[in-house]
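The following exercises are to be worked with the sequence and the coordinates at hand. Each task is followed by a solution in steps.

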Amino acid sequence: MDLFLHLSVMSLIYIIFALSLNLEIGYTGLFNFGHVAFFGIGAYTSALLTLHHFPFEISLLVALFLSGISGFLLSLPSLRLRGDFFGIATLGFGEIIRMVFQNEVWLTKGPMGLPGIPKPKLLSVRFATLPQYLLLTLGFAILTFLILRGIIRSPFGRVLKGIREDEIAAEALGKNVYRFRIKSFVVGSIFAGLAGVLWGHYTTFISPNDFTIIETVLVLLIVVLGGKGTEWGPILGAILLIFFQESLRFLRLPPEYSRYLAPLQQMIFGALLILMMLFRPEGLIKERREHGCLS
Amino acid sequence: MSSFLLQTILNGILAGCIYSLFAMGLTLIYGVLNFVNFAHGELIMWGAYFLYFLMEKPLSLPLSFALLPALFLTVLIGLGSDRLIFKPLRKANRLTLLITSLGLSFLLRNGAQLFWGAEIRTYGLEIKKGMRFLGVSITLNQVAIIVVSVLCIFLLYLFFYKSRMGKSMRAISDDLELARVMGIPSDRTIQWTWVIASSLAGLGGILLALDTNLHPGMGLINLVKAFAATLLGGVGNLWGALFGGMIIGLAENISIWILSPGYKDAIAFGIMVVMLLFRSSVVFSSKE
């Protein structure tokens with residue numbers, strides 16, 4: 001039962017993470033390969049503040065604010081780049097944020113990581129046990145889903161899709177493509193930060209090794225496998241992949257084999273990405289093309 | 001003090017030579033195939049590991065015998081990935097190619113980790129004492145790095161400007177359709193592009209590992225550097241990549257005076273950001 005609850009909490013956190021990436025990749029066509037950076041910024045900010053006895057509400061807000069601001073600062077130079085170059089620039093940013101976590105020992109304790117992150121207390125309710133934490137993440141996941149869906153269905157969201165389909169046409173209609181992209185990127189970064197906050201307080205221990213390209217590939221695969229540019233795709237992808245990944249951890253393997261488990265699992269993820277692109281690039285759930293879309 | 005300065009510049013040129021090899025391969029693939037190959041870093045890493053594999057226990061070949069087979073194996077990975085993955089996607093849009101190459105990069109990186117583990121390794125060659133020259137110390141390995149890189153660049157020049165295949169490559173890189181109309185065989189040219197890009201990556205990886213060490217993460221970080229060098233020199237511009245690589249190598253080594261060495265790998269990214277902010281016309285965001 002506990003395993004099931006654990007899987008549910010992890011899936012919900014990754015649903016939030018993947019939904020935020022889906023706004024960028026699926027709806028705006030921004031290939032962000034450094035999404036883990038904002039997940040990490042959220043996790044570290046909230047962890048550090050609560051460890052210094054700030055209330056969770058404030059830590060959460062500061063964490064979301066910092067994720068958004070760093071998203072804004074990154075997007076200013078990098079969104080001048082064309083699609084694939086933007087991809088590498090964000091990939092590099094992800095690596096650099098990890099270096100910051102690793103090198104700023106005075107703040108982050110470096111490779112030692114931050115142990116003992118307290119369980120959150122929101123509006124004087126403490127979410128300490130597993131079922132309570134499940135409720136908390138469920139609440140945030142529903143909130144994220146509704147907000148992002150609201151954004152996507154709004155006129156603003158339709159402009160984003162228009163930019164994805166045909167940038168020049170969108171520009172011809174008087175839309176400032178650069179600004180719309182920045183806004184989409186900032187919103188995506190904020191929700192990635194939220195996922196990071198929830199994850200940090202759930203595992204209660206974070207270290208720079210938790211925020212590597214592995215996370216980026218996982219969340220990208222979730223979006224691509226489920227179906228980018230769909231409302232339910234990332235949710236389906238997150239449930240499938242998190243159940244797969246976390247249940248591998250509970251396999252009782254003799255220790256001499258467990259060394260091979262992590263690279264093998266990640267090779268499967270890499271191969272899945274390639275296979276999806278070769279045989280079903282639209283993902284498990286296919287995006288419905290509406291009329292009136294600029295395509 | 002001045003010898004300290006000279007030493008920094010020498011180390012910068014050394015690193016710069018290697019980064020140039022990476023960047024030239026990356027920009028070549030970009031020019032001919034029109035996408036950024038994320039797995040280029042992994043070719044660098046596998047090149048270095050293939051040499052390690054040939055020089056280690058069951059085979060224990062000496063360096064001079066192991067070098068060419070290691071490059072050959074790296075080229076096989078490059079050609080294989082083109083044949084199995086990128087060829088079926090020739091008509092796909094650029095972002096599909098991007099995700100695919102990221103997947104391939106992840107697959108190859110973890111493949112290396114599966115065989116050799118995540119720990120840092122070296123070729124186990126005995127460490128030779130550096131020669132002193134004008135107050136600067138340089139090892140034989142490092143002299144070899146510079147000689148090999150310069151030789152490579154010279155050969156590349158001959159290839160691109162004197163040989164038929166090199167000229168075809170430049171033609172395709174300029175305009176694929178026009179090159180086809182002129183009867184340039186695009187399939188063969190593309191295969192040769194992979195051969196050259198993979199050998200440059202493999203060779204650069206080997207040189208880097210000779211000078212420092214090997215670990216499965218070395219591909220990714222060097223991909224970012226190669227990319228920054230490519231941007232610096234103008235995308236698709238071979239000699240620009242050479243220049244960009246040198247600048248990054250020098251900047252990294254000079255940065256140690258100011259920044260903590262933990263951030264050495266972040267310099268390339270910093271240069272890229274500064275350049276984009278002030279010279280955004282180099283690569284602009286419009287046009288798919």
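**Exercise 1. Contact order and overall form of chain B**

Task: Among contacts in chain B between residues at least 6 apart in sequence, determine what percentage join residues at least 24 apart.

Solution. In this predicted model, 76% of the contacts of chain B between residues at least 6 apart join residues at least 24 apart. Next, the secondary structure of chain B is listed: it consists of 11 helices and two strands. Along the sequence these elements follow the order α-α-α-α-β-β-α-α-α-α-α-α-α. The radius of gyration of chain B is 19 Å, and the globule rule for 288 residues also gives 19 Å, so chain B is as compact as a globular protein of that length. The C-alpha trace of chain B extends over about 60 × 50 × 35 Å along its principal axes. Finally, 47% of the 288 residues of chain B count as buried.

**Exercise 2. Two helices checked against the ideal rise**

Task: For H2 of chain A and H9 of chain B, compare the expected span with the distance between the end C-alpha atoms, and state how many residues of each are buried.

Solution.

1. Helix H2 of chain A comprises residues 36-51. The expected span is 1.5 Å times one less than the number of residues, so the 16 residues of H2(A) should cover 22 Å. The end C-alpha atoms of H2(A) lie 22 Å apart, in agreement.
2. Of the 16 residues of H2(A), 14 are buried, and the helix is thus mostly covered.
3. Helix H9 of chain B, residues 218-233, also has 16 residues and an expected span of 22 Å. Its end C-alpha atoms are 23 Å apart, which agrees.
4. In H9(B), 16 of 16 residues are buried. Just after this helix, B:Gly234 adopts a positive phi of about 95°.

**Exercise 3. Positive phi outside glycine**

Task: For A:His53 and A:Thr204, give the location of each and decide whether each is buried, partly exposed or exposed.

Solution.

1. A:His53 has a phi near 65°, a positive value in a residue other than glycine. A:His53 comes just after H2(A), in the loop between H2 and H3 of chain A. A residue with 12 or fewer C-beta neighbours within 10 Å is exposed; A:His53 has 8 and therefore counts as exposed.
2. A:Thr204 likewise is not a glycine and has a positive phi of about 65°. A:Thr204 belongs to the loop between H9 and H10 of chain A. With 13 C-beta neighbours inside 10 Å, A:Thr204 counts as partly exposed.

**Exercise 4. Two buried residues in helices**

Task: Identify the residues in contact with A:His201 and with B:Gly47, leaving aside neighbours up to four places away in sequence.

Solution.

1. A:His201 is part of helix H9 of chain A, residues 177-203. A:His201 has 24 other C-beta atoms within 10 Å and is therefore buried.
2. The contacts of A:His201 beyond four places in sequence are A:Ser46, A:Ile117, A:Lys119 and A:Pro120. A:Gly226, 25 residues away along the chain, has its C-alpha atom 27 Å from that of A:His201.
3. B:Gly47 belongs to helix H2 of chain B, residues 40-55. Because 30 other C-beta atoms lie within 10 Å, B:Gly47 is buried.
4. B:Gly47 touches B:Ala70, B:Leu71, B:Thr74, B:Ala201, B:Gly202, B:Leu203, B:Gly205 and B:Ile206. The C-alpha atoms of B:Gly47 and B:Leu67, 20 residues apart along the chain, are 9.4 Å from each other.

**Exercise 5. A helix pair in chain A**

Task: Describe how H1 and H10 of chain A are arranged, and classify the residues of their contact.

Solution.

1. The axes of H1 (residues 2-28) and H10 (residues 213-226) of chain A come within 9 Å and cross at roughly 70°. Angles of 65 to 115 degrees count as roughly perpendicular, and H1(A) and H10(A) are therefore roughly perpendicular to each other.
2. H1(A) contributes A:Tyr14, A:Phe17, A:Ala18, A:Leu21, A:Asn22, A:Ile25 and A:Gly26, while H10(A) contributes A:Val219, A:Leu220, A:Ile222 and A:Val223.
3. By class, this contact of H1(A) with H10(A) holds nine nonpolar, two polar and no charged residues.

**Exercise 6. The contact between the chains**

Task: State which helix of chain A gives the most to the side that touches chain B.

Solution.

1. Chain A supplies 39 residues to the contact and chain B supplies 41 residues.
2. On the side of chain A, H3 (56-78), H4 (83-103), H10 and H12 (255-279) each supply at least two residues.
3. H4(A) gives the most, with 13 residues.
4. The side of chain A that touches chain B divides into 26 nonpolar, eight polar and five charged residues.

Note on methods: Residues are numbered from 1 along each chain as its sequence is written. Chains are lettered from A and ligands numbered from 1 in the order in which they are written. This is a predicted model: local features need pLDDT of at least 70, side-chain atom pairs count only at pLDDT 80 or more; totals for chains, interfaces and linings use all residues. Axes are lines fitted to C-alpha atoms, for helices over the stretch in contact, and angles run from 0 to 180 degrees between N-to-C directions. Helices (H or I, at least four residues) and strands (E, at least two) are DSSP runs, numbered from the N terminus. Angles under 35 degrees count as roughly parallel, over 145 as roughly antiparallel, 65 to 115 as roughly perpendicular and the rest as oblique. Two residues are in contact if their C-beta atoms, placed from the backbone, lie within 7 Å. Ala, Val, Leu, Ile, Met, Phe, Trp, Tyr, Cys and Pro count as nonpolar, Asp, Glu, Lys and Arg as charged, and the others, Gly among them, as polar. A residue is buried if 20 or more other C-beta atoms lie within 10 Å of its own, exposed if 12 or fewer, and partly exposed in between; C-beta atoms are placed from the backbone. The radius of gyration is taken over C-alpha atoms; the globule rule is 2.2 Å times the number of residues to the power 0.38.
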